[in-house]
Number of protein chains: 4
Amino acid sequence: MGQSKSAADNGNRESERRRTILRAAIDVFARKGYHGCRIADVAKEAGVAYGLVYHYFKNKDELLETVFDTGWSGFVTRVRAVVEGEGALAQKVRGVVDVAFEAYRVDPRAVKVLILEIARSPAGSRINRQTAFVDAIRLSSELFTRAKEAGELRSDTDPLLSSALLFGAIEMGLTAFVTGLADARDTQALERAKAQIAETFLHGVLADASPGAESPAWKPEKSSEKSATKSKVPKRT
Amino acid sequence: MGQSKSAADNGNRESERRRTILRAAIDVFARKGYHGCRIADVAKEAGVAYGLVYHYFKNKDELLETVFDTGWSGFVTRVRAVVEGEGALAQKVRGVVDVAFEAYRVDPRAVKVLILEIARSPAGSRINRQTAFVDAIRLSSELFTRAKEAGELRSDTDPLLSSALLFGAIEMGLTAFVTGLADARDTQALERAKAQIAETFLHGVLADASPGAESPAWKPEKSSEKSATKSKVPKRT
Amino acid sequence: MGQSKSAADNGNRESERRRTILRAAIDVFARKGYHGCRIADVAKEAGVAYGLVYHYFKNKDELLETVFDTGWSGFVTRVRAVVEGEGALAQKVRGVVDVAFEAYRVDPRAVKVLILEIARSPAGSRINRQTAFVDAIRLSSELFTRAKEAGELRSDTDPLLSSALLFGAIEMGLTAFVTGLADARDTQALERAKAQIAETFLHGVLADASPGAESPAWKPEKSSEKSATKSKVPKRT
Amino acid sequence: MGQSKSAADNGNRESERRRTILRAAIDVFARKGYHGCRIADVAKEAGVAYGLVYHYFKNKDELLETVFDTGWSGFVTRVRAVVEGEGALAQKVRGVVDVAFEAYRVDPRAVKVLILEIARSPAGSRINRQTAFVDAIRLSSELFTRAKEAGELRSDTDPLLSSALLFGAIEMGLTAFVTGLADARDTQALERAKAQIAETFLHGVLADASPGAESPAWKPEKSSEKSATKSKVPKRT
DNA sequence: AATGAATGAGCCTTCATTCAT
DNA sequence: AATGAATGAAGGCTCATTCAT
C-alpha cells in the first residue's frame, strides 16, 4: 500500500511535472515566440533542470506540438460540440465565436500562442496552419455544407471558404485584443466584438435600408435575426 | 547618349543587384520562412557572393524589414487609393479585396511571405503584426468610420473591428489558397472567393428568405459586379 | 567518506575543467597572441569540445580578462607582500624584481602573455595597460612616496615615475629573455639580470671612480647594501 | 615640359597620396590599435577610396610595416647620431632620452603607435619587438660596450641589458604620458621626467647620504649637466 | 590613378540534444 | 526521476583582398 501510494505519488508527480513544463512552454512561447524560446527558458520557467524537459518530451518540436495539440484539442472539441449540437445555423455560428472568446478569457496566453505561433514552427514540423486552424475550419465547413443544402445559405457560397472566413474574422478579431489594438480588459468590448463578428458574418456590415429593419438580429430588444434578414432581402436585386 | 546610358547602367546595376537580392530574399522566405532562411540561401538564390548581401543590407533583420516594407508599402498604397478614392462603401470593400487578390495573382510568393511570415520575426525586430496588417487595418477603419457616420453601417459596428474583420476574412481566404486548401491555379475559384469575401462581409452569409431574392449580387450570370453594385446601392437606405 | 570524496570530485572536476581551459588559453595566447588565438584553438588545446568554453566563460573577452586577472592578481599580490613587508627600500626593490623574475621562472609562458599581450585586447575590452601594469605601478609608487618622505630618495624624484621606471626596466629586462634577445635557459644570466636591474635602478649604471670602490653594492660577498650605500654616499658631490 | 611638369605633378601627387594614407594609418592605429583598425577606416581618414590603399601598399601588413619603418627609421637615425656623436656617456644617455621625448613632443600619436602597437602585429608579420625597439637597443648597446671597456660602467653590467633597461625606462616613462597616467600637456612634467629617467639610469634613485649632496646632478640651479657629471663622478667611491 | 562593388574565408556565438552520474 | 556538464553543427557577420570599370 505504501508502495502503491508511492507509485501513485510518483505517477502524479510525473504528470504534474509534465504539466508544469507544458504550462511553462506555453508561457514562454507566448512571451518570446517559438523561435525565440530556448529549452533552457522553458526549464527555468518551470523551475526544473533542463535535461528534464527531454525526459517528458522527445524534443523541442514535440513540445511545441504538444502545446498546440493540447490547446487545439480542447478548442476543436468545443467547436465540435457546438457544430454537432442542436440549434439554428446562426446560433451555432455565435456558439463558435463564443468558444473562441471564452478560450481567450480563460487563458489569453495560450490563445496568443495558438494564434500568433501558427505556422511558425520549423519547416520539417507537422505543426502549421494546416493542422491547426484547418481542423476547426474543416469541421465547421460541414456545418455550412449542411446549411447550404438546407437552403439557409446563399447558393453561391463555398462552405469551406465560408468556414475560413468565419475563422479569419475570429482570428483577426482576437488578434486585435492579443496585440493590444483593442483593450482586452474591457469585458464590454469583448462582448461587443463577439456580437459584431457573428452578426457581420451572418448579415454583413451594411445597414438595413428599410425603416424598422435597421436593427440587426443581435439587438435583442428590437427584432429577431430572421425578420431582419427577411425585411432586408426583398429590397435587393 | 552612350554616357547617359553608361551612367544609367551604373545606377541601375547597383539597384538591380539590390533588387535581385531582395527578390531572392522574398523567394527564400516564402519557401523556408523567416527562421529557416539563411543569408547563404539568399545569396545563392540571388547568384551573388555571400558578403554582397551585407553590402546592401546591414544585417538579416534589415533585409527582412525591407522585404516587408517593400511588400506592404505597395499594398498599403493601393489600399489607400481605394479607400480614398471615389465610390460607395461596397465598391470600396470590393476594391480592397481586389487589391489583395490582385497582389496574390501578380506575386503569390510575396503574398505568402506577407501573410505567413507576419509576426515571425525575432523579438527585437520592428516587424510584426502591429506594423504590418495594422497599417492597412487602421487605414481602412477610416472608411468604416465615415460610412458609419453616413448611416451606411449598422449602428453597433465598431469601425476598427469591422476593418479587422474584413482583413481577417481576406487573410484567411488567401491563406486557403496559399496553403493549398484551395486551388490557386483555378482562376474561377479565385474570382468566386473574391466575390464571396466581399459579399459575405457586406451582406452576411445568410440566404435571403424571400423568393427571387436568393441571388446575391455577385452571381455573374445575372449582373456584373459594377452594375450589381450600382443597382443595389441606390435602393438601400 | 566515499560520499565526501564524490562531492569533492564533482566540485573539483568542474573547476578542474575551468582551470584546464584557462591554462590552455594562456598557452595559446602565449603562442599566437590575443588576436591570433581562436576559441577553437583553446578548446583543442584543452581537449574539450568547442562549446564547453562557453559553458565556463561568457565569451572570448571574458576568457581573456580572466587570463589577465588571474595572472596579474597573483603578481600584484606578491608585489604587495613585498612592498608592505619589512625591509629597507633597496631590499624591497630587489624583492619586486625577484617576484617578476620568479614568476617568469615558474611560468614563462604566462609572463610572456602578461608582458607581450598587454594592451593588445580590443578597444571595447577592459584589459589594457591601465588595468594591468598600472596596478603594480601604483602600488609600488607608495613605496617610493614613503621612501622619499624618509629622505631615502633624491628629492627631485617623482614616486609614480620612479615606480614606472622600475617596472619599465623589469619589463624590458624580461622582454629580452621573452623575445630571445637573451638566453632564458641560462640561470646565471637570469640572476645577473635581476641584480643588474635592481642595482642600476638603485645606484645607476655609472662606475665608481675611486679605486677600491669598483665593487658594486650588490656583490654580497663584499658588503651589505646598507654599508655599501653608507660608505659610498658620503664621498659623493 | 607640360609633360614633365605633369609627370612631376603626378609623381608628387602620388607620393602626396601615399603620405596622406600613411599619415591616416598612423592616426587610426593610434586611435584604434592595429587590429581594431580596418583598411576602410584608414581610407576614410585619408579621404580616399578604399581600393586606393592597395595601390600604394601591398596589404595591411605592409602598411603597418611602413608605419613602423618610417617611425623607427627617424628615431633610430637620431639615436645613432647621439650614440656615434661626441660627448661623455652621461651626455649621450641624456641625448637618447631627449630624442625619445622630442619625438613624442613632435608627434605623440606616432609615438603612441610605436610604443603601444609594438608586438601587436599578426604572428606572420616581421614587425615586432625584435625589429622595432631592438634596433635601437642593439645600437645603444655598443655605446655601453665601449663605455664599459673605458671603465665608465660598473664592471658587472651587461651592455645589452643596460641598453634594454634604458629603453625600458624610457618606454614606460613615455607610456605614463601616452596612457594618461601623467599629464602630457604639462611641459614642466615632461622635462622633469626626462631628467629623472636619465639620472636614475645613471646614478640610481637613492639619495646621497651626506648633507649638501641631496641635490641631484640634474638640478639646473646648482650645476650644468656637464659639470655636474664631471664633478660628481670623480667623487664617487 | 582612382573607385567601390564583389568575393569568400574565417571566426565567434548559440542552442538543441546527449550523456554520465 | 533528475541534473547539468558536454558536445558540435549551424549560421550570422566581418573584413582583407581582388577586380571590373
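How far is a phosphate oxygen of DNA strand E from an N or O atom in the side chain of D:Tyr56? The separation is 2.7 Å in this predicted model, and the pair falls under the definition of a polar contact, a pair of N or O atoms within 3.5 Å, where within protein one atom must be able to donate a hydrogen and the other to accept it, and residues adjacent in sequence count only if both atoms are side-chain atoms. The model is predicted, with local features needing pLDDT of at least 70 and side-chain atom pairs counting only at pLDDT 80 or more, while totals for chains, interfaces and linings use all residues. Residues are numbered from 1 along each chain as its sequence is written, chains are lettered from A and ligands numbered from 1 in the order in which they are written, and side-chain values use heavy atoms, with hydrogens and water left out.

Around DNA strand E there are 29 residues, of which B:Arg17, B:His55, B:Tyr56, C:Tyr50 and D:Tyr56 come nearest; a residue is near a strand if one of its heavy atoms lies within 4 Å of it. Of the atoms of DNA strand E that come within 4 Å of the protein, 69% belong to sugar and phosphate. Phosphate oxygens of this strand also lie 2.8 Å from a backbone N or O atom of B:Ala49 and 3.2 Å from a backbone N or O atom of C:Ile39. Two or more residues of the surface near DNA strand E come from each of helix H3 (50-56) of chain B, H3 of chain C and helix H3 (53-56) of chain D, helices being DSSP runs (H or I, at least four residues) numbered from the N terminus. The most is given by H3(B), with four residues.

Around DNA strand F there are likewise 29 residues, and A:Tyr56, B:Tyr54, C:Arg17, C:His55 and C:Tyr56 come nearest. Sugar and phosphate make up 70% of the atoms of this strand that come within 4 Å of the protein. Contacts with bases include a polar side-chain atom of A:His55 at 2.9 Å from a base nitrogen of DNA strand F and an N or O atom in the side chain of D:Tyr50 at 2.9 Å from a base oxygen, whereas a polar backbone atom of D:Ile39 is 3.1 Å from a phosphate oxygen. For the surface near DNA strand F, H3(C) gives the most, with four residues.

Over all chains the count comes to 15 aromatic pairs, where rings of Phe, Tyr and Trp (its six-membered ring) pair if their centres lie within 6.5 Å, and planes under 30 degrees apart count as stacked, over 60 as edge-to-face and the rest as tilted. The rings of A:Phe101 and A:Phe177 have centres 6.3 Å apart and planes at 85°, so this pair is edge-to-face. Since A:Phe101 lies in helix H5 (residues 89-106) and A:Phe177 in helix H8 (residues 159-178) of chain A, the pair ties together parts that are 76 residues apart in sequence. Both A:Phe101 and A:Phe177 are buried, a term for under 20% relative accessible area, with exposed over 50% and partly exposed in between (1.4 Å probe, protein chains only). By contrast, the rings of C:Tyr50 and C:Tyr54, with centres 6.5 Å apart and planes at 5°, are stacked. C:Tyr50 is partly exposed, with a relative accessible area of 45%, and C:Tyr54 is also partly exposed, at 39% relative accessibility.
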